[in-house]
Amino acid sequence: MTVQSEPKASPRVRRIMIACLIPLVVATIVGIVLLWPGNPDTDLPGGGPTTNSAEGTSHTEATVTAVDATACEAGETDPMVRADCTTYTVEADGREGSLYVTPDAVKAGVEVGDTLKVLDFTDSPDRAELGADYVFIDFDRNVPMLALAIIYAIVVLLVAGIRGLRALLGLGFAGAVLFVFMLPAMLDGRPPLLVALVAASAIMVVALYLAHGISARTSTALFGTVLGIIITGLLGAWMTSWANLGIAYSEDGYLLVDTTDLAMTDIIVCAILITGLGVLNDVTITQASAVWELATAAPTMKPAQLFARAMRIGRDHIASTVYTITFAYVGSALMTLIIVSAHDQSLFDTFTLGDMSVEVVSILVCSIGLVVAIPLTTGLGVLVVRSGLRPPRRSEPAEEAVAPGTSVSGLDSQAPMTRREARLRDRGR
């Protein structure tokens with residue numbers, strides 16, 4: 001196989017890309033500085049499953065040392081009844097005490113040796129009324145989840161090598177942007193849509209260049225992602241307003257709307273932007289790579305042909321990624337779907353009411369942004385890669401005709417002979 005060097009953008013195109021990239025980076029940095037949360041430790045009332053709301057209580061970890069179900073009737077399976085008739089003993093901070101376990105945890109199964117996260121009532125004045133020293137909060141999953149994260153990192157490093165390491169670093173940076181800047185800024189009253197756009201821009205720039213290197217190819221994918229995010233954001237804002245999606249249907253939604261200045265429409269659009277960012281990064285870098293690889297393999301290919309062949313890859317990617325988005329949302333809303341499917345309700349009504357309407361709008365908006373971003377990235381990639389390919393010169397001398405049986409370029413390769421020519425040659429000998 002002939003090894004060919006990767007085509008590069010022309011100096012003029014590189015200057016244009018840098019001229020577009022610098023304002024994007026500067027605007028992102030300025031946006032982060034101006035929108036940085038002044039009070040990043042905002043607390044919400046009732047804020048979560050481990051909220052310490054009782055006087056004299058504290059959070060701790062406990063290990064189950066004994067489970068006594070002798071007071072339960074034989075064959076009893078009702079979790080509500082078993083929660084009352086089963087006695088649980090735990091050890092926490094070097095001392096033993098009784099534990100109250102919720103019915104859902106009883107159904108899941110609390111066994112001897114399990115490590116739990118509990119609320120300590122031993123020093124609380126409400127201890128006598130509760131009738132237990134500790135209250136079950138959740139299972140302690142630190143070890144299994146940490147082990148799974150380590151396995152994931154090892155697999156990525158083994159398969160992708162140094163590029164996988166850079167991708168993991170980019171993922172860590174994205175997490176820092178979301179949890180250190182974006183979410184606290186939204187809780188602090190900063191404009192949610194502007195915060196989401198600035199956060200998405202910072203993640204795009206750093207994650208793409210960190211994972212794929214600084215090159216015209218990566219810059220092409222970046223600009224394609226920016227265009228896709230803009231389309232997704234505008235379409236998401238318009239659709240959430242037109243479809244009247246500003247109603248809080250979940251407990252978390254009620255909490256945010258009642259205790260903060262956030263509107264449900266803003267939260268939904270921000271969620272659509274972040275979801276779209278993940279899939280757009282995937283398809284744009286793939287399309288840019290497809291254009292570059294095709295141009296490397298066939299540098300004389302015309303721009304229209306290059307675009308058409310790259311779009312064949314893009315169409316396959318569109319189909320697979322749209323499935324990915326849809327099934328990801330279906331998986332996240334599976335419990336809701338199970339409950340809804342048990343009711344006598346039409347499928348259309350199911351997908352246009354409540355939380356399901358939000359999920360459907362998110363799927364469709366992200367898919368539209370994805371589909372539009374692929375031809376935009378492909379076209380931009382063709383323009384960039386073709387700018388660095390020089391057409392063959394017409395003044396170059398044509399190859400001289402070579403008679404059959406003579407050597408070509410110093411090699412003793414001969415034109416193939418027919419059987420009749422071979423017999424005549426043998427007779428002459």
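These are my notebook entries on a predicted model, covering surface patches, aromatic pairs, salt bridges and a few backbone details.

**Entry 1: helix 1 and its patches**

I started with charge on the surface. Lys8, Arg12, Arg14 and Arg15 make up a positive patch there. I picked Arg14 for a closer look and found it in helix 1, which covers residues 11-35. Its relative accessibility is 38%, so I noted Arg14 as partly exposed.

Next I looked for nonpolar side chains on the surface. Ile18, Ile22, Val26, Ile29, Val30, Val33 and Leu34 form a patch of that kind, and together they offer about 660 Å² of accessible area. Val30, one of the patch members, also sits in helix 1. I wrote it down as partly exposed because its relative accessible area is 41%, which lies between the limits of 20% for buried and 50% for exposed.

**Entry 2: aromatic pairs**

How many aromatic pairs does the structure hold? I counted four. The one I opened up joins Trp36 and Phe181: the ring centres are 5.9 Å apart and the planes meet at 25 degrees, so I logged the pair as stacked. The cut-off for that label is an angle under 30 degrees.

Where do the two partners lie? Trp36 is in the loop between helix 1 and strand 1 (58-68), while Phe181 is in helix 5 (residues 142-187). The pair therefore ties together parts that are 145 residues apart in sequence. The two residues have their own burial labels: Trp36 is partly exposed at 40% relative accessible area, whereas Phe181 is buried at 2%.

I then turned to Phe136 and Phe139, another aromatic pair, this one edge-to-face. Their centres are 5.4 Å apart and there are 75 degrees between the planes. Phe136 has a relative accessible area of 9%, so it went into my list as buried.

**Entry 3: salt bridges**

The structure holds four salt bridges, and I looked at three pairs, each in turn: Arg141 with Asp138, Asp188 with Arg190, and Arg217 with Glu293.

For Arg141 and Asp138, the side chains meet with 2.9 Å from N to O. Arg141 is partly exposed, at 38% relative accessible area. Asp138 is partly exposed too, with 28% relative accessibility.

For Asp188 and Arg190, the closest N and O atoms are 3.1 Å apart. I have Asp188 down as partly exposed at 22% relative accessible area, and Arg190 as partly exposed at 23%.

For Arg217 and Glu293, the closest N and O atoms are 3.6 Å apart. This pair links distant parts of the chain, since Arg217 belongs to helix 7 (residues 216-242) and Glu293 to helix 9, 76 residues apart. Is Arg217 buried or exposed? With a relative accessible area of 15%, Arg217 is buried, because the limit for that label is under 20%. Its partner Glu293 is partly exposed, at 47% relative accessibility.

**Entry 4: Met301**

I looked up Met301 and found it in the loop between helix 9 (264-297) and helix 10 (303-332). Its relative accessibility is 9%, so Met301 counts as buried. I also checked its spacing to Arg386: the two C-alpha atoms are separated by 9.3 Å, with these positions 85 residues apart along the chain.

**Entry 5: positive phi angles**

A reminder to myself before this check: most residues other than glycine have a negative phi. Which loop holds Asp93? Asp93 is in the one between strand 2 (87-92) and strand 3 (95-100). It has a positive phi of about 55 degrees although it is not a glycine. With 61% relative accessibility, Asp93 counts as exposed.

Asn244 was my other stop. It lies in the loop between helix 7 and helix 8 (251-259). Its phi is near 55 degrees, again a positive value in a residue other than glycine. At 57% relative accessibility, I marked Asn244 as exposed, because the limit for that label is over 50%.

Notes
Residues are numbered from 1 along each chain as its sequence is written. This is a predicted model: local features need pLDDT of at least 70, side-chain atom pairs count only at pLDDT 80 or more; totals for chains, interfaces and linings use all residues. Side-chain values use heavy atoms; hydrogens and water are left out. Patches are made of residues with over 30% relative accessible area and no salt bridge: like charges are joined within 9 Å, nonpolar side chains (Val, Leu, Ile, Met, Phe, Trp, Tyr) within 5 Å. Accessible areas come from the Shrake-Rupley method with a 1.4 Å probe; for residues, only the protein chains shown count as cover. Lys and Arg count as positive and Asp and Glu as negative; His and the chain ends are not counted. The place of a charge is taken as NZ of Lys, CZ of Arg, CG of Asp or CD of Glu. Helices (H or I, at least four residues) and strands (E, at least two) are DSSP runs, numbered from the N terminus. Buried means under 20% relative accessible area, exposed over 50%, partly exposed in between (1.4 Å probe, protein chains only). Rings of Phe, Tyr and Trp (its six-membered ring) pair if their centres lie within 6.5 Å; planes under 30 degrees apart count as stacked, over 60 as edge-to-face and the rest as tilted.
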